[in-house]
Amino acid sequence: MKREFLEGLNLEKDVIDQIMAENGKDIEAEKSKAKTVEADRDKFKDQLDTATSELEKFKDVKPEELQQTIADLQKQIKDKDDEYAAKEADRAFRESVSAAIKEAGGRNDKAVMALLDLDELKESKNQKDDIKAALDGLKKDNDYLFGSTEPILNPTGPTNNPKDTGDDSALRAAMGLPPVKD
């Protein structure tokens, strides 16, 4: 609204000033709304430009290639999982063999395991019994690898020699020891 239009209506100057002030408030409010809308428009334009540039990166991508890549990656993950499971199963098997060797009285786990056919035992249906049987067989052939449960057969103390007179003074003299005083 222009001041000349109001003056043409023969309104007083105070009334025209009040109408113009009120009109100015409305115009400022609308300018503020317009600036907010322009800022939103600029924000959406920037987002559109960003999205368009990102889509340009995928312009030459073929979905079949992406699906093949996904399938390859899933296969690699499955292979790694299988490899880990195999290593874990091997570790568990070796621990069970080691425990069986200790239970059988083995002196050195590695030495006993070297003489066992671990591949055959690993593929066995009844591993626990087969490991025990293999250890029993190994114990018969290589008893030095296992602790003995029988008493020592070589005594170190004096034996009842009928010719023993109890006089060991010559022996003590040969060793440089003084004779025993009774």
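Visitor: What does the secondary structure of the chain come to, in helices and strands?

Guide: In this predicted model, the secondary structure of the chain comes to seven helices and zero strands, and the elements, read from the N terminus, run α-α-α-α-α-α-α.

Visitor: What makes α3 oblique to α6?

Guide: The axes of helix α3, residues 63-103, and helix α6, residues 127-141, come within 10 Å and cross at roughly 45 degrees. Angles under 35 degrees would count as roughly parallel, and those from 65 to 115 as roughly perpendicular; the crossing angle belongs to neither class, and α3 is therefore oblique to α6. The crossing of the two helices is right-handed.

Visitor: Which residues make the contact of α3 with α6, and how many of them are nonpolar, polar or charged?

Guide: From α3 the contact draws on Phe-93, Ser-96, Val-97, Ala-100 and Ile-101, while α6 supplies Gln-127, Ile-131 and Leu-135. Sorted by class, the contact holds six nonpolar residues, two polar ones and no charged ones.

Visitor: Why is Asn-10 called exposed?

Guide: Exposed means over 50% relative accessible area, and Asn-10, at 70% relative accessibility, therefore counts as exposed. Asn-10 lies in the loop between α1 (3-8) and α2 (13-57).

Visitor: What is the phi of Asn-10?

Guide: Asn-10 has a positive phi of about 60 degrees, although it is not a glycine. Most residues other than glycine have a negative phi.

Visitor: How do you know whether Leu-11 is buried, partly exposed or exposed?

Guide: The limits are 20%, under which a residue is buried, and 50%, over which a residue is exposed; Leu-11 has a relative accessible area of 34% and is therefore partly exposed. Leu-11 is also placed in the loop between α1 and α2, and, if its neighbours within four places in sequence are left aside, it is in contact with Leu-6, Ile-16 and Ile-19.

Visitor: Why does Lys-2 count as exposed, and where is it placed?

Guide: With 60% relative accessibility, set against the cut-off of over 50%, Lys-2 counts as exposed. Its place is in the segment before α1. The C-alpha atoms of Lys-2 and Met-20, which are 18 residues apart along the chain, are separated by 8.3 Å.

Visitor: What can be said of the chain as a whole, beginning with how much of it buried residues make up?

Guide: Buried residues, those under 20% relative accessible area, make up 12% of the 182 residues in the chain. The chain exposes about 15,900 Å², of which carbon and sulfur atoms supply 54%. Among the contacts in the chain with a separation of 6 or more, 46% are accounted for by residues 24 or more positions apart.

Key: Residues numbered from 1 in each chain as written. Predicted model: local features only at pLDDT ≥ 70, side-chain atom pairs only at ≥ 80, totals over all residues. Heavy atoms only, no water. Axes fitted to C-alpha atoms, helices over the stretch in contact; angles between N-to-C directions. Helix = DSSP H or I, 4+ residues; strand = E, 2+ residues; numbered from the N terminus. Parallel < 35°, antiparallel > 145°, perpendicular 65-115°, else oblique. Left-handed = near helix turned anticlockwise from the far one by under 90°. Contact = heavy atoms within 4.5 Å. Nonpolar A, V, L, I, M, F, W, Y, C, P; charged D, E, K, R; others polar. Buried < 20%, exposed > 50% of the residue type's maximum accessible area, 1.4 Å probe, protein only. Areas by Shrake-Rupley, 256 points an atom, 1.4 Å probe, with all protein chains shown as cover.
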